[in-house]
Amino acid sequence: INGHSFHAQGSYVFLTKRLDDIDSLRQISFPKILSEITPLQLSLFFLDDGFRGRSGWELCVASYSPEEKNIFINALSQKYGVLAYLRKSDLRYLVLRQFDSEKIDDIILKNIPNDLDIIRHKILKRKD
């Protein structure tokens, strides 16, 4: 600008494309989507809003109502045999113990290409 150059740090952008094929999802209530979450949707949810620590997965659910959180916790238990609970000290986070976190790892590894950086970072590096 005005003969001066500015050095900026590199950044990453994740772009998504609107798919007409999934417009029908817009007609479904959010609680219904949570209760019928598919393995692929579950994988993307954890990879996007989750943190995989040594003791297990933590998932940010801050924007969800108490009812929606309970629906999702029940869906995890009934559909996937995964026990999750809200962190008592901070109800914005859903927490999974190690055994249940490994079930989520397996679901993700079956539904998402394993050569992606996010898979290597959040899951595979833990198994080395």
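## Packing of helix H3

The buried residues of H3 (buried meaning under 20% relative accessible area, exposed over 50% and partly exposed in between, with a 1.4 Å probe and protein chains only) are in contact, that is, have heavy atoms within 4.5 Å, with helix H1 (30-35), helix H2 (39-49), strand E2 (57-60), strand E3 (84-86), strand E4 (93-96) and helix H4 (98-111). This is a predicted model, in which local features need pLDDT of at least 70 and side-chain atom pairs count only at pLDDT 80 or more, while totals for chains, interfaces and linings use all residues. Residues are numbered from 1 along each chain as its sequence is written, and side-chain values use heavy atoms, with hydrogens and water left out.

## The two faces of H3

Glu68, Lys69, Phe72, Ile73, Ala75, Leu76 and Tyr80 are the buried residues of H3. Viewed down the helix axis, these residues fall within an arc of 160°, taken from the directions from the axis to the C-beta atoms, so they line one face of the helix. The face turned away from that buried side carries the exposed residues Pro66, Glu67 and Gln78.

Just after H3, Gly81 takes a positive phi of about 65°.

## Aromatic pairing

Five aromatic pairs are found in the whole structure, where rings of Phe, Tyr and Trp (its six-membered ring) pair if their centres lie within 6.5 Å, and planes under 30 degrees apart count as stacked, over 60 as edge-to-face and the rest as tilted. Phe30 and Tyr64 form a stacked pair, 5.2 Å centre to centre with 10° between the planes.

Key. Helices (H or I, at least four residues) and strands (E, at least two) are DSSP runs, numbered from the N terminus.
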